[in-house]
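Hi everyone, thanks for making room for me this morning. I'll put the sequence and the model on the screen, and then we can walk through them together.

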Amino acid sequence: LSGLVGSEMCIRDSCTSVTEQTLVQAPNKTTPVDSQFRMGVLMYFRDESGRLLLIQRKRRPNRGMWCAVGGKLVMPSGESPHECAVRETFEEVGLEIADSAFDLRCILSEKDYEETGHWLMFVFAVSVRLKQLPEAIDEGEFGFFEMGELDELDIPELDKRILREHVLNEGRSGVVSLRVNEGGGRDAEKLVVEESYLGQAT
């Protein structure tokens, strides 16, 4: 992580080796999109009746679609995924929740998603139930939805698959590592399972 500058990192093949005693320049705004790398969190909340909280995004990626609450890790401070989840929950949902309430279910690697760069996402199920709908924020407006309504919503297909298999599946515990290669977007059919640590929930 020490090689990161903001949310960017240097392409290995474009960097001159240390043995040549040449300084490596940090990427600038003209760096090709395939050199951009971002880390973030996605958090799936439910209310007291079991409805799922989603946000209809006003910004890229997934503008106009219903998605999980989330945000990017603060890289310069060395923020961890759980620390990011706690902070984003306070900023977007307005609640202070301990990091123990965030159950990591999935690590998702996406290559060149919507031309916004590469993403490494940590997907959490949140154990604390919400008592009311959060107020709208700059990123979009919130809504609560029954499980039977998910098929009718404009949700990325990959998000739906992760929801069903790794978040809403009460009989499964553990973490799975997933990858979508370049050009796959959030196409559930192009999902690659790299490794999994799954078991039965107790």
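Let me start with a question for you: which residues does Leu-150 touch, not counting residues up to four places away in sequence? The answer is Leu-52, Leu-54, Ile-155, Lys-160, Leu-163 and Leu-168. Please keep in mind that this is a predicted model.

Leu-150 belongs to the largest nonpolar core, which has 25 residues. Leu-150 is among the residues with the most contacts inside that core, and the others in that group are Tyr-44, Leu-54, Leu-108, Ile-162 and Val-167. Who supplies the core? At least two residues each come from S1, S2, S5, S6, helix H2, which spans 157-167, and strand S8, which spans 172-180. There is also a second, separate core of 23 residues, including Val-93, Leu-120, Phe-122 and Ile-137.

Now to strand S6, residues 118-126. Is S6 buried or exposed? Nine of its nine residues are buried, so S6 is largely enclosed by the rest of the structure. If you look along S6, His-118, Leu-120, Phe-122, Phe-124 and Val-126 point one way. Trp-119, Met-121, Val-123 and Ala-125 point the other way, and the residues on both sides are buried.

What runs alongside S6? Strand S1, residues 37-44, is joined to S6 by eight bridges, and the two run parallel. On that side, Leu-42 stands opposite Val-123. Strand S5, residues 102-110, is joined to S6 by eight bridges as well, but here the pair runs antiparallel. There, Phe-102 has Val-126 as its bridge partner. As a reminder, strands of a sheet pair through backbone hydrogen bonds, in either of those two directions.

Next, a charged-looking name in a sheltered spot. Glu-88 sits in helix H1, residues 81-93, and counts as buried because its relative accessibility is 6%. Leaving out residues up to four places away in sequence, Glu-88 touches Val-41, Met-43, Gly-70, Gly-71, Lys-72 and Val-93. Val-93, you may recall, is one of the residues in the second core.

Let's move to the other sheet I wanted to show. It is an open sheet of three strands in the order S3-S2-S7, with antiparallel pairing. Strand S3 (66-67) and strand S7 (140-145) are at the edges with a single partner strand each, so one side of each has no neighbour in the sheet. Two bridges join S2, residues 52-57, to S3, and Ile-55 stands opposite Cys-67 in S3.

The loop between S2 and S3 deserves a stop for the backbone enthusiasts. Most residues other than glycine have a negative phi, and most peptide bonds are trans. In this model, a cis peptide bond joins Arg-60 and Pro-61, with omega of about -5°, and Pro-61 lies in that loop. Asn-62, in the loop between S2 and S3 too, is not a glycine yet has a positive phi of about 65°. Asn-62 also counts as buried, because its relative accessibility is 3%.

A last word on cysteines. How many disulfides does the structure hold? Zero. Cys-67 counts as buried because its relative accessibility is 4%, and Cys-106 counts as buried because its value is 0%.

That's my tour, and I'm happy to rotate the model for anyone who wants another look.

Definitions and conventions:
Residues are numbered from 1 along each chain as its sequence is written. This is a predicted model: local features need pLDDT of at least 70, side-chain atom pairs count only at pLDDT 80 or more; totals for chains, interfaces and linings use all residues. Side-chain values use heavy atoms; hydrogens and water are left out. Buried means under 20% relative accessible area, exposed over 50%, partly exposed in between (1.4 Å probe, protein chains only). Helices (H or I, at least four residues) and strands (E, at least two) are DSSP runs, numbered from the N terminus. Two strands pair if DSSP finds at least two bridges between them. Contact means heavy atoms within 4.5 Å. A nonpolar core is a set of buried Ala, Val, Leu, Ile, Met, Phe, Trp, Tyr and Cys residues joined through side-chain atoms within 4.5 Å. A disulfide is a pair of cysteine sulfur atoms within 2.5 Å.
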